[in-house]
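This report covers the fold, the burial of selected residues and one charged surface patch. The sequence and the structure come first.

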Amino acid sequence: MNKENAMDENYGFDRFLLEKWGSANAGEDQKERRTACRKFQKALKDNDVAAAGTIRAWFGLGKRSEPNREKMVQLAFALGLSHQELDEYLQKGLRMPGIQVNDYREMIYYYGLEHGLSIQECDQMILVFEKHMCRAYVPVQEAHTVKLWRYYETWRQKNPVHFLKEMCTHAEMFKGYSKTTLDHFNRLKSQLLQDIRRSIRKNLLNDLKELGYMEEVAPYTLENSGEKEEIHRFLKNISRRVEVKNNPEMQALIQSVRRDCSVVYSGHERNRDLLRELYSPAMSGQDGKSIRYKKRTDAQKSYGLSYMTERHISDLVGISIQKEREIRLAQAIASLEGEDTDSACPGWICRLMKQELPEKSSKQEWQEITTGQAKKLLTKMHRKQKSRCLLIQREDLLPLLMEVARRKYHQDKEKTGEKESPQEAQKYFCTMANTILGACSMAPLDERYALDKKLLDSFWEEEMDSFADLLEEEDQAL
């Protein structure tokens with residue numbers, strides 16, 4: 001499919017906005033898009049939320065773009081959306097997780113939309129909450145989503161002051177991310193890595209058999225007792241043989257065995273092994289320390305075929321640490337609000353900054369910093385820290401879901417001896433995906449989304465048994 005058709009068929013934020021502000025059948029009719037865009041801009045009134053050119057791009061006029069999560073919250077207040085509509089715009093329009101009730105900011109915004117408060121009033125509530133959080137705040141790293149929604153049903157009936165009091169009483173529950181979503185991501189990642197390791201071990205044993213390991217060493221080695229060391233010793237010994245040195249195929253086989261050993265006998269789950277399995281056709285090379293990808297085409301971007309990196313996965317799974325640091329910095333900034341800028345900075349804030357920036361200054365310099373200087377530095381630190389706080393998105397989960405579902409379905413059929421069916425395999429994937437997406441407050445699979453359609457259609461194509469095969473087909477089609 002060419003780039004233009006791929007983008008036209010994708011149900012993106014522009015199509016969602018057309019359904020809301022124009023005609024659902026507008027398609028690529030530029031006149032109808034312009035009419036819907038003007039209606040949207042009129043509804044914003046005097047709210048300077050975004051530039052005219054940015055809003056036009058949201059409607060697919062010229063280039064296409066989408067607002068980020070923070071901008072979408074601002075738009076909700078500017079447009080007078082209800083709290084349910086904001087959730088719909090996030091999940092259905094932007095394909096993001098819905099309202100994160102574990103995030104105290106989003107809960108306050110949700111409350112504000114329901115009670116007709118302005119965004120400025122909500123920001124003031126957030127500031128009050130941050131000021132009154134205990135300095136010894138330690139978030140409880142447990143799943144609280146269901147409990148918090150149940151609490152909200154009671155708290156929502158209270159006025160803003162008492163609503164905030166309830167939140168402050170349960171401050172430790174607001175860790176800023178969904179533990180449920182993180183658990184699902186980690187579980188899928190772990191299941192896939194374990195299966196990858198099992199598959200590579202089978203290949204490893206076959207290669208070792210071809211090299212003669214089974215006859216020379218294996219009979220004299222206890223099962224799994226120093227097996228890795230024995231294999232490396234065996235490879236070192238046979239590499240010295242003249243017939244092996246002069247045989248390029250044998251040399252390549254030895255290198256393959258060494259690579260497989262590094263995966264099979266690794267003492268921990270390595271994200272790099274996951275990336276190699278999922279994105280190998282998109283890789284342009286590896287330098288031993290990092291993986292490099294080919295540049296994504298516009299068509300691939302429109303499909304949502306993003307490539308995860310080791311840094312990205314690390315930030316996703318480390319969200320608990322990153323978010324706690326971000327909240328502590330926000331708490332420090334809030335506590336300085338309204339204070340004399342020339343006064344001495346409170347000791348606990350000096351200690352926090354020293355902890356966050358141990359290499360920057362000496363102990364004496366931190367003690368002499370003023371409140372104004374501290375607030376300026378904290379604001380810069382907070383902005384940088386927020387960029388490390390990534391929410392797990394649909395596009396992070398879907399490749400893992402597709403791969404795990406395919407493998408599980410194949411294994412189930414192998415056990416029963418039944419013939420595999422594309423329709424049945426697709427249904428297996430849909431059931432697993434929609435169950436997990438629903439638990440993560442994300443939109444279910446929908447063929448109108450380009451990535452979803454690509455994944456669903458792959459079950460009907462011959463010789464496409466993995467997410468990597470899908471990427472390889474895309475690469476060959478370009």
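A contact here means heavy atoms within 4.5 Å. The model is predicted. His184, placed in helix α11 (residues 179-211), touches Ile436, Ala439 and Cys440 when residues up to four places away in sequence are not counted. His184 counts as buried because its relative accessibility is 16%, and buried means under 20% relative accessible area.

Across the chain, contacts between residues at least 6 apart in sequence join residues at least 24 apart in 68% of cases. The chain has 26 helices and two strands. Of its 478 residues, 47% count as buried. The chain exposes about 24,800 Å², and carbon and sulfur atoms supply 48% of that area.

Two residues with a stated accessibility are set out below.

| Residue | Helix | Relative accessible area | Class |
|---|---|---|---|
| Arg34 | α3 | 36% | partly exposed |
| His184 | α11 | 16% | buried |

Helix α16 (residues 271-279) is mostly covered, with seven of its nine residues buried. These buried residues are Asn271, Arg272, Asp273, Leu274, Leu275, Leu278 and Tyr279.

On the surface, Lys31, Arg34, Arg38 and Arg56 form a positive patch. Which helix gives the most to the positive patch? Helix α3 (residues 30-44) does, with three residues. Arg34 lies in helix α3. Arg34 is partly exposed because its relative accessible area of 36% falls between the limits of 20% for buried and 50% for exposed.

Technical notes:
Residues are numbered from 1 along each chain as its sequence is written. This is a predicted model: local features need pLDDT of at least 70, side-chain atom pairs count only at pLDDT 80 or more; totals for chains, interfaces and linings use all residues. Side-chain values use heavy atoms; hydrogens and water are left out. Patches are made of residues with over 30% relative accessible area and no salt bridge: like charges are joined within 9 Å, nonpolar side chains (Val, Leu, Ile, Met, Phe, Trp, Tyr) within 5 Å. Accessible areas come from the Shrake-Rupley method with a 1.4 Å probe; for residues, only the protein chains shown count as cover. A salt bridge is a side-chain nitrogen of Lys or Arg within 4 Å of a carboxyl oxygen of Asp or Glu. Lys and Arg count as positive and Asp and Glu as negative; His and the chain ends are not counted. The place of a charge is taken as NZ of Lys, CZ of Arg, CG of Asp or CD of Glu. Helices (H or I, at least four residues) and strands (E, at least two) are DSSP runs, numbered from the N terminus. Buried means under 20% relative accessible area, exposed over 50%, partly exposed in between (1.4 Å probe, protein chains only).
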